[in-house]
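The following account leads the reader through a molecular structure, starting where its chains meet and ending with individual residues. Please keep the sequence and the coordinates at hand while reading.

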There are 2 protein chains.
Amino acid sequence: MEPTFHHAGIATEDADALAALYRDTFGLTVAHTETFDGIYIVFLACGGSYFELLEPVDNDTVAGFLERQGRGVHHLALAVEDVESALYQARENGVEAIDDSPREGAWGHEVAFLHPRDTGGVLVEFVGH
Amino acid sequence: MEPTFHHAGIATEDADALAALYRDTFGLTVAHTETFDGIYIVFLACGGSYFELLEPVDNDTVAGFLERQGRGVHHLALAVEDVESALYQARENGVEAIDDSPREGAWGHEVAFLHPRDTGGVLVEFVGH
C-alpha cells in the first residue's frame, strides 16, 4: 500500500523561534510539542502532513548534525500501515535499517529509521500508528 | 490560509534508479517526468504529496549542490493558494526571496524560492496552481 508523507524533520537550535517564524511566514500552526529522547520537538500542521522541528536539549545525534551540517532538513518521514512490514520490504530491497525493529518514537508513534546510505542520501523514517 | 505539503526535492545523480528503489522499497509510483531547466525530474506520488527527484543534466545549481553536499534533500515545497501573496507575506516577515516574483517551474506550476538563510536552513519553494 502506498505510504503517505508524514513529516519533514528539521534540526534547529531554537524550535519555538522557528515555529513562530513558520507561523508568521507560512501560516503553519503548532499541533503538538514534547520533549522526547533529549529533543524538544514542535510539530507544525501542514495540510495532512507536518513539519517536525527538532531542538537538541540532551541528544548527541541531533546536536552532532547541527555541528556538522548546520540547520536544515534532518529527515523525511513516511506514514506506513505497519512499520514491521515496511522494514521487511526495505531489507528485501537491500536497504539497511538503523532500527532493527520498530521502537517508540515521538508523539506516541511506532517508528524505525533507515540508513541514508541506502536511500539516496535521505534519512527516511517510517511512522506507524 | 494554511498551505499543504507539496513535495520534498531530492538531488541525485540518477533519478530513474532512485525512482526504482523508492518504488520497490516504499511503493511510491511515478506521477510525472520531464526535463526542465536542465534538470531531469521524476515526481513520485506519496499520498497527496510528492517526492521530486532532481538529476542535473545541464544545471549548475543542482550539480553544485551534489558536489558540495552530496545526494539528499535539496528543498521542501509548500502548495499555496497564490505565490505572489505568499512572497509578500514572507517579505513582510523579513524572509528574503530568491525569486522576486513568481516564475514558471516544473510540471507547469507557478513557483518561487525563498532564501534558506532566512528559513532555518531550509530551501523553501512555494508552488501555486
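**The contact between the chains**

Chain A gives 38 residues to the contact, and chain B gives 38 residues as well. The model discussed here is a predicted one. About 3000 Å² is buried between chain A and chain B, and 68% of this area lies on carbon and sulfur atoms. Of the area that chain A buries against chain B, 19% is supplied by A:Glu2, A:Phe5 and A:Phe26, more than by any other three residues.

As to polar interactions, the rule finds twelve residue pairs in polar contact across the interface of chain A and chain B, but zero salt bridges. Which elements of chain A take part? Those that give two or more residues to the side touching chain B are β1, α1 (15-26), β3, β4, β5, α3 (83-92) and β8. The largest share of that side, six residues, is contributed by α1(A).

How are the two copies related? A turn of 180 degrees, with a shift of 0.0 Å along the axis, lays chain A on chain B with an RMSD of 0.0 Å. The two copies are therefore related as by a two-fold rotation axis. Within chain A, the C-alpha nearest this axis belongs to A:Val73, at 3.5 Å from it. Because 100% of the interface residues of chain A are also interface residues in chain B, the copies meet through the same surface.

**Strands of chain A**

The account now turns to the strands. Strand β8 of chain A, residues 124-127, is paired with two other strands. With strand β5 (residues 72-79) of chain A it runs parallel, joined by four bridges, and here A:Ala77 stands opposite A:Glu125. With strand β7 (residues 110-113) of chain A, β8(A) pairs in the antiparallel sense over three bridges; A:Val127 in β8(A) is the bridge partner of A:Val111.

In a regular strand, side chains alternate between the two faces of the sheet. Strand β8(A) can be read in this light: A:Val124 and A:Phe126 point one way, A:Glu125 and A:Val127 point the other way, and all are buried.

Elsewhere in chain A, strand β2 (residues 29-36) is joined to β3(A) by seven bridges, and the two run antiparallel. A:Phe36 stands opposite A:Ile39 in β3(A). The hairpin of β2(A) and β3(A) has two residues between the strands, and in it A:Asp37 takes a positive phi near 55 degrees.

**Helix α2 of chain A**

Helix α2 of chain A spans residues 60-69, and among its residues A:Val62, A:Gly64, A:Phe65 and A:Leu66 are buried. Against what do the buried residues of α2(A) pack? They pack against β1 (4-11), β3 (39-46), β4 (49-56) and β5 of chain A.

The two ends of α2(A) may be considered in turn. At the N-terminal end, A:Asn59 acts as a cap, with a side-chain oxygen 3.0 Å from the backbone nitrogen of A:Thr61. Just after α2(A), A:Gly70 takes a positive phi of about 80 degrees.

**Two buried residues**

Two residues, one from each chain, merit a closer look. A:Val122 is located in the loop between β7 and β8 of chain A. Is A:Val122 buried or exposed? Its relative accessibility is 1%, so A:Val122 counts as buried. Leaving aside residues up to four places away in sequence, A:Val122 touches A:Leu76 and A:Pro116, together with B:Ile10, B:Tyr22, B:Gly72 and B:Val73. The C-alpha atoms of A:Val122 and A:Glu104, 18 residues apart along the chain, are separated by 21 Å.

In chain B, B:His7 has its place in strand β1 (residues 4-11). Why does B:His7 count as buried? Its relative accessible area is 2%, and the cut-off for a buried residue is under 20%. With which side chains does the side chain of B:His7 make polar contacts? One such contact, of 2.8 Å, joins the side chains of B:His7 and B:His6; another, of 3.0 Å, links the side chain of B:His7 to that of B:His75. Not counting residues up to four places away in sequence, B:His7 touches B:Phe43, B:Tyr50, B:Glu52, B:His75, B:Leu76, B:Ala77, B:Glu125 and B:Val127.

Definitions and conventions. Residues are numbered from 1 along each chain as its sequence is written. Chains are lettered from A and ligands numbered from 1 in the order in which they are written. This is a predicted model: local features need pLDDT of at least 70, side-chain atom pairs count only at pLDDT 80 or more; totals for chains, interfaces and linings use all residues. Side-chain values use heavy atoms; hydrogens and water are left out. Buried means under 20% relative accessible area, exposed over 50%, partly exposed in between (1.4 Å probe, protein chains only). Two strands pair if DSSP finds at least two bridges between them. Contact means heavy atoms within 4.5 Å. A polar contact is a pair of N or O atoms within 3.5 Å; within protein, one must be able to donate a hydrogen and the other to accept it, and residues adjacent in sequence count only if both atoms are side-chain atoms. Copies are superposed by least squares on the C-alpha atoms of residues with pLDDT of at least 70 in both. Buried area is the accessible area (1.4 Å probe) that two parts lose on being put together, summed over both. A salt bridge is a side-chain nitrogen of Lys or Arg within 4 Å of a carboxyl oxygen of Asp or Glu.
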